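Got the viewer open and your mouse ready? Let's take a walk through this model, one selection at a time.

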Amino acid sequence: LTAAKTLHVQPDLIYIDAEHTTEAVYADLCAWYPLVKNKGVFCGDDWGWLTVQKAVEKFAKERNKKIYVSGNFWRLYD
């Protein structure tokens, strides 16, 4: 989270893979999502963890995003 708050970048791709509690995943999503370039890729792994699924689903619902899942990989899209 510290990096998301201090970096001044707009990456084309942000890949979330960190702590696996629902709260921590959700906090990472909230911190990093505003930095991804418009139409950039926002994704991550560990979809097999229920805690990750809950955080990503909550985040997607709040922002009217859809979730693409392939195996252990997830990606948000419009």
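Start by selecting Tyr33, Lys39, Gly40, Lys65 and Asp78: of the 13 residues that line the largest pocket, these lie nearest its centre. Before going further, note that this is a predicted model, in which local features need pLDDT of at least 70, side-chain atom pairs count only at pLDDT 80 or more, and totals for chains, interfaces and linings use all residues. Residues are numbered from 1 along each chain as its sequence is written, and side-chain values use heavy atoms, with hydrogens and water left out.

**Stop 1: the pocket**

What counts as a pocket here? On a 1 Å grid over the protein atoms alone, a pocket is an open set of points with protein on both sides within 12 Å along at least five of seven lines, while a cavity is a set where a 1.4 Å probe fits but cannot get out; lining residues have an atom within 4 Å of a point. The largest pocket holds about 240 Å³ of space. A volume is the space filled by probe spheres set on the points, and grid points are joined across faces, edges and corners.

Now colour strand 2 (41–44) and strand 4 (73–77), since each supplies at least two residues of the pocket's lining. Strand 4 gives the largest share, 3 residues. (Helices, H or I with at least four residues, and strands, E with at least two, are DSSP runs numbered from the N terminus.) Colour the lining by class and you get 6 nonpolar, 2 polar and 5 charged residues. For that count, Ala, Val, Leu, Ile, Met, Phe, Trp, Tyr, Cys and Pro are nonpolar, Asp, Glu, Lys and Arg are charged, and the others, Gly among them, are polar.

**Stop 2: two positive phi angles**

Most residues other than glycine have a negative phi. Click on lysine 39, in the loop between helix 2 (22–32) and strand 2: its phi is near 70°, a positive value. Is lysine 39 buried or exposed? It is exposed, with a relative accessible area of 69%. (Buried means under 20% relative accessible area, exposed over 50%, and partly exposed in between, with a 1.4 Å probe and protein chains only.)

Next, jump to asparagine 64, in the loop between helix 3 (50–62) and strand 3 (66–70). Asparagine 64 has a positive phi too, about 55°, and is not a glycine. At 68% relative accessibility, asparagine 64 is exposed.

**Stop 3: the rings**

Show the aromatic side chains: the structure holds 6 aromatic pairs. Rings of Phe, Tyr and Trp (its six-membered ring) pair if their centres lie within 6.5 Å; planes under 30 degrees apart count as stacked, over 60 as edge-to-face and the rest as tilted.

Select tyrosine 33 and phenylalanine 59 from among these pairs. Their ring centres are 5.3 Å apart and the planes are at 75°, so this pair is edge-to-face. Tyrosine 33 sits in the loop between helix 2 and strand 2 and phenylalanine 59 in helix 3, so the pair ties together parts that are 26 residues apart in sequence. Tyrosine 33 is partly exposed at 23% relative accessible area, whereas phenylalanine 59 is buried at 0%.

Keep phenylalanine 59 selected and add phenylalanine 42: these two form a tilted pair, 6.1 Å centre to centre with 35° between the planes. This pair links distant parts of the chain, with phenylalanine 42 in strand 2 and phenylalanine 59 in helix 3, 17 residues apart. Phenylalanine 42 is buried, at 2% relative accessibility.

Now show Tyr26, Tyr33, Phe42, Phe59 and Trp74 together, and you'll see a cluster linked by ring pairs. Add lysine 58, which lies over the face of tyrosine 26, 4.3 Å from the ring centre. (A charge sits over a ring if NZ of Lys or CZ of Arg is within 6 Å of the ring centre and within 35 degrees of the ring normal.)

**Stop 4: threonine 22**

Head to helix 2 and pick threonine 22, which is partly exposed at 22% relative accessible area. Leaving aside neighbours within four places in sequence, threonine 22 is in contact (heavy atoms within 4.5 Å) with Thr51, Lys54 and Ala55.

**Last stop: the cavity**

The structure holds 1 cavity of 30 Å³ or more, and about 60 Å³ of space lies in the largest cavity. To find it, select its lining residues, including Ile16, His20, Val52 and Trp74. By class, that lining has 5 nonpolar, 1 polar and 4 charged residues.
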